[in-house]
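Work through the exercises below with the structure open beside you. Try each task before reading its solution.

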Amino acid sequence: MITFESKNNSSAAYDGDIFFKAYATKRYYYIDLNTLQALTLPKRDLEPEELPEMDALIKAKLGSNFRAAIIK
């Protein structure tokens, strides 16, 4: 189970096995639950030290179905 908690005291919990694919940009994580539903997670809602942990967690769950944009 993966729980997302925002700074405004809202939260949501998802079974990590339902993630279909994900894409990370400079500002957001886009996580597809299926072909019709997706989550948009703003990176500003995470602490800076949590970003590498989130990348690793999504990569562990999705493998090659996780893509991160290369930001220069």
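The exercises that follow go from the sheet to the helix and then to a single residue.

This is a predicted model, in which local features need pLDDT of at least 70, side-chain atom pairs count only at pLDDT 80 or more, and totals for chains, interfaces and linings use all residues. Residues are numbered from 1 along each chain as its sequence is written, and side-chain values use heavy atoms, with hydrogens and water left out.

**Exercise 1. Find the strand order of the sheet, and explain what is special about β5 and β6.**

Step 1. Know the terms. Strands (E, at least two residues) and helices (H or I, at least four) are DSSP runs, numbered from the N terminus. Two strands pair if DSSP finds at least two bridges between them.

Step 2. Take β4 (residues 28–32) and β5 (residues 38–42). They run antiparallel, joined by five bridges. One bridge partner pair is I31 with L39 in β5. The two strands form a hairpin with five residues between them.

Step 3. Go to β3 (residues 21–24). Four bridges join β3 to β4, again antiparallel. Here Y23 stands opposite Y30. The hairpin from β3 to β4 passes through three residues.

Step 4. Put the strands in order. The open sheet reads β5-β4-β3-β6, with mixed pairing. β5 and β6 (66–68) are at the edges with a single partner strand each, so one side of each has no neighbour in the sheet. From one strand to the next, the twist averages 10° (axes are lines fitted to C-alpha atoms, for helices over the stretch in contact; angles run from 0 to 180 degrees between N-to-C directions).

**Exercise 2. Sort the residues of β4 by face.**

Step 1. Recall the rule. In a regular strand the side chains alternate between the two faces of the sheet.

Step 2. Apply it. Y29 and I31 lie on the covered face of β4. Y28, Y30 and D32 lie on the uncovered face.

**Exercise 3. Place helix α1 and describe its faces.**

Step 1. Locate it. α1 (residues 50–62) lies across β3, β4, β5 and β6, at about 20° to β4.

Step 2. Check the length. The expected span is 1.5 Å times one less than the number of residues. For the 13 residues of α1 that gives 18 Å, and the end C-alpha atoms are 18 Å apart, which agrees.

Step 3. Sort the residues. Buried means under 20% relative accessible area, exposed over 50%, partly exposed in between (1.4 Å probe, protein chains only). M54, I58 and L62 are buried. They fall within an arc of 45° (taken from the directions from the helix axis to the C-beta atoms), so they line one face of α1. The face turned away carries the exposed residues P52, E53 and A60.

Step 4. Look past the end. G63 follows α1, with a positive phi near 55°.

**Exercise 4. Describe the surroundings of K21.**

Step 1. K21 sits in β3. At 40% relative accessibility, K21 is partly exposed.

Step 2. List its contacts (heavy atoms within 4.5 Å). Leaving out residues up to four places away in sequence, K21 touches Y30, I31, D32, L62 and N65.

Step 3. Compare chain and space. K21 and I31 are 10 residues apart along the chain, and their C-alpha atoms are separated by 6.1 Å.
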